[in-house]
Amino acid sequence: MTGVGLQMQLLARRGQMAWNTMFHGSRTKRIAACSLIGFGILGELAFFSVAGFVVSFQKLHITPSFVAGLLTLVTMFTAATAITFALSSLYFSRDLDLLRSIPMAAHHIIWHRVLVQWCVGMGLGVVVSSPFVLGAVVYHRAWSAIPILILAIGAVVLLTFSIMTALTVVLLRIVPARWVKNAGAIVVVGTGTVVAGLNVVLRISSFTGGAGLATVSVTPFSHTPLSASWSPIAWASRAIADAFAGSVGSGLLWLLPTVAVSIGVTFLCIRGAEQVYVEGYERNASAGNTGSKRRMRVNAFGARPRIWKTIGIKDFIEIRRDASLLAMLILPLIMFGLYVGVAAPPIPVLHTTWLAPLFVASSTSLFTAAGLALRGIGGEGGRLWLIKASPNPVRSVIAAKFVIGLVVTAILSAILLWVGMVRHALTVPGVVEATVLLIGIISGLVGIATGLGAMWPRLDWTDPRRAVSIWLTLAFLGIATLYLAIAFVVIGMPFVLNIPLPWGTYLAYIGVYVWAAVVGGSFMTVGAARYALREV
Amino acid sequence: MADMPDEAIVLDDVSKQFGGYQAVQHMSLSVHCGELFGLLGANGAGKTTTIKMMVGLLRPSSGRIRLWGHDIVSDALQAKSAIGYVPDNPNLYGKLTGREMLSFLADMYHVPRDKQRSRIEVLLETFGLASHGNDLVQSYSRGMTQKLALCGALIHEPKILFLDEPTVGLDPVGARQLKDVMLHLRNEGKTVLLSTHVLEVADALCDRVGIVHEGKLEAVDSPQALRSSTGDEHLEDVFLHLTGKERTDTALQLIKVFEGDGSAP
């Protein structure tokens, strides 16, 4: 079988697995999957009408610099995700032993992983961006731009995936064997920090009216080294901009070198990384068997055994000793910390100094909750039998997951809130008000995450970062964003209605805590019921 | 033991269905207190499913299971307090040390703090893990993990111990230790239920065995009684007689097919 045939075969099997995941099994599951797709299409159509309106309303000019900014954003996001995907799929995936035992060259495995990631990334990109793109296409009457757009973005994304995959493979070969499992986490945190830092720095240099989240621009990366004239990003940008301007021929001329370079570099990266990958994989496999002497910690679980405390501290120890899990928690903090470290003006209409930092801290807690509370039950993986077989009520287990999620998320987000408030006019009552509100908001958020995670845990993982499916994470982000939006409406209502202080603040407290209790409590109740019925 | 029931384990017409597949069919069984009972069966016969239902990891589709007088579904916490369980492939927390793992399980089973340390040390010493007690579990071999899981199952001194394929992954020394521990527990009046493929283990240790075939309990008796009832000399012959003869024939046919077309490796 040729290399192309083999890759097609592997991709087909991967597609078959995805299909089976969605449709194979009970009738209820098939109906649920079809309903989800139906709602997704309806949502896309609704989104399309709104996005089309927004795009046409703004009379958007699709210039090369505008496209370059967006493509650089896509590239940076792709670069960060490519590292985690390469780590998971090339070093920790369950099927690797099988793939490596059959007569197939190692570069085929790398090709397969890169292509799978490319397909998934492009698929998600199409889902997320199609309403905007179609809106722009309709507005500019540039239907011929669609294939050029897809090919140009596909080429840039493939180029990024292959380069970052090769870099990850090389890094895991270079670092000492005992650091192999942690090296990826360090790279992810480093890349995220650089991306966020670059974003902030470039915003500061590009705009004079402040920076951070308060400054909104759709072209934050339009003048970076990545979008310079020598870069394929710049060529792809010209191809897309020309196609939208009606110059399809010129667009194709810019597209050709982009695609050629992308494919060429991908070939070079994958073939070049093959031997390094084989050596790194073997080092990684053997690194799992090295142990380290730890101080005896029989009393680590506290003086009195309480189940929620026992499970909570066990989770805490696991996270503390796993750099990849720590990275998942630290990364959002660093990225948002860089934003709040840059002063943004308060929103004058609400007469508060803490609303913007509270918003940023709450948004950060979204990601911390996704990385911790959402994977509470799923994080147990194949070890869930230990908890399920023990004589403890379901509510203790769910409470344990909620408490550890709430404590860690609240601490991290509160730090961010206070840093943000230091950059604004800081007052002690303001800090107290905002912290109390933050904890209320976060408790509901963590309740949603804990409940959802208990409803659909993923227990068959080999890499703890994959303890939650991407779909559950997306569902949580969607639901939690809606929850946050309503929570902030609740907070803002007394101020908008000009209810005098401190009654306005008290009403905001009550509103937020009631909202958090209702939503978080509902999700946790359903999650606990589902967990009780779960068979392992 | 003032609250000792008549039977340690009672299965009453228990069935388990996964979708359209009937994994366990109308199984009824009583295991006496202080008995060492072996569950024998081929791969996929339903042994693990049965044990998982007994320990509360799977819910029976129908029927009732009582452990030490407590229903595993309606009185789950009391029933689970009475049992220890070691699965066939124990997955433990790799980022905890051996001692932390046992301390965690001791807390989960409500072992008083003042008794924890001594029990942990005795168990680690018994199974030869004392020198590895401060190593992360992820550094343990398969056999060491199996032993640690067994330590965890014994930490709260359960009345009933469930062992699913306990000798898999153990070296001869570990296997011998395990056999000694099982006999010791039986002599102490504990009830042990184990599933195994190793018929010599069942023959040598078990007071009674149950042979499971395609989800049904085909026979329950002592190894000697089963041998005499079927007229077979060895327990292996009894097992094949009751479950696997046709499969052996199929295997022989398959070998002939391979030999016929030269596909045999």
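Trainee: Let's start with chain B. How many bridges join strand E1 (residues 7-18) of chain B to strand E2 (residues 21-32) of chain B, and do the two run parallel or antiparallel?

Mentor: Good place to begin, and keep in mind that this is a predicted model. The general idea is that strands of a sheet pair through backbone hydrogen bonds, either parallel or antiparallel. Here E1(B) and E2(B) run antiparallel and are joined by 8 bridges. You can follow the pairing by eye: Phe18(B) has Tyr21(B) as its bridge partner in E2(B), and Glu7(B) has His32(B) as its partner in E2(B).

Trainee: What should I look at in the hairpin of E1(B) and E2(B)?

Mentor: Look at the turn. The hairpin has 2 residues between the strands, and Gly19(B) takes a positive phi near 60 degrees.

Trainee: Which sheet do E1(B) and E2(B) belong to, and in what order do its strands lie?

Mentor: They belong to an open sheet of 4 strands in chain B, ordered E2-E1-E4-E5, with antiparallel pairing. At the edges are E2(B) and strand E5 (70-71) of chain B, each of which pairs on one side only. Next to E1(B) comes strand E4 (residues 62-67) of chain B, paired with E1(B) in the antiparallel sense over 5 bridges. Within that pairing, Asp12(B) stands opposite Arg64(B) in E4(B).

Trainee: What is the strand order of the open sheet of 6 strands in chain B, and how is it paired?

Mentor: Its order is E6-E7-E8-E3-E9-E10, and the pairing is mixed. Strand E6 (83-86) and strand E10 (216-221) of chain B are the edge strands, each pairing on one side only. From one strand to the next, the twist averages 15 degrees. For an example of the parallel sense, take strand E7 (residues 160-164) and strand E8 (residues 191-196) of chain B, which pair over 5 bridges. There, Leu163(B) stands opposite Leu194(B) in E8(B).

Trainee: Which strands does helix H6 (residues 172-187) of chain B touch as it packs on the sheet?

Mentor: H6(B) touches strand E3 (36-41), E7 and E8 of chain B, and its direction makes about 150 degrees with that of E8(B). Compare helix H8 (residues 223-230) of chain B, which lies across strand E9 (208-213) and E10 of chain B, running at about 105 degrees to E10(B).

Trainee: How many helices and strands are there in chain B overall?

Mentor: There are 9 helices and 10 strands. The radius of gyration of chain B is 20 Å, close to the 18 Å that the globule rule gives for 265 residues, so the chain is as compact as a globular protein of that length. Along the principal axes, its C-alpha atoms fill a box of roughly 65 × 45 × 40 Å.

Trainee: Let's turn to chain A. At what angle do helix H1 (residues 3-23) and helix H5 (residues 106-140) of chain A cross?

Mentor: The general idea first: two packed helices are described by the angle between their axes and the distance between the axes. In this case the axes of H1(A) and H5(A) come within 10 Å and cross at roughly 50 degrees. That is why H1(A) counts as oblique to H5(A). The crossing is right-handed. Among the contact residues are Leu6(A), Leu10(A) and Arg14(A) of H1(A), with Trp111(A) and Leu115(A) of H5(A). By class, this contact has 6 nonpolar, 4 polar and 1 charged residues.

Trainee: How do H5(A) and helix H6 (residues 145-174) of chain A cross?

Mentor: Their axes come within 9 Å and cross at roughly 145 degrees. This crossing is right-handed. The contact includes Trp118(A), Gly121(A) and Gly125(A) of H5(A), and Ile153(A), Gly154(A) and Phe161(A) of H6(A). Its residues divide into 13 nonpolar, 6 polar and no charged.

Trainee: And at what angle do H6(A) and helix H8 (residues 232-244) of chain A pack?

Mentor: The angle is about 170 degrees, with the axes 9 Å apart. Angles over 145 degrees count as roughly antiparallel, and that makes H6(A) roughly antiparallel to H8(A). Contact residues include Ala152(A), Ala155(A) and Leu159(A) of H6(A), and Ala236(A), Ile240(A) and Phe244(A) of H8(A). By class, the contact has 14 nonpolar residues, no polar and no charged.

How values were computed:
Residues are numbered from 1 along each chain as its sequence is written. Chains are lettered from A and ligands numbered from 1 in the order in which they are written. This is a predicted model: local features need pLDDT of at least 70, side-chain atom pairs count only at pLDDT 80 or more; totals for chains, interfaces and linings use all residues. Axes are lines fitted to C-alpha atoms, for helices over the stretch in contact, and angles run from 0 to 180 degrees between N-to-C directions. Angles under 35 degrees count as roughly parallel, over 145 as roughly antiparallel, 65 to 115 as roughly perpendicular and the rest as oblique. A crossing is left-handed if the near helix is turned anticlockwise from the far one by less than a right angle, and right-handed if clockwise. Two residues are in contact if their C-beta atoms, placed from the backbone, lie within 7 Å. Ala, Val, Leu, Ile, Met, Phe, Trp, Tyr, Cys and Pro count as nonpolar, Asp, Glu, Lys and Arg as charged, and the others, Gly among them, as polar. Two strands pair if DSSP finds at least two bridges between them. The radius of gyration is taken over C-alpha atoms; the globule rule is 2.2 Å times the number of residues to the power 0.38.
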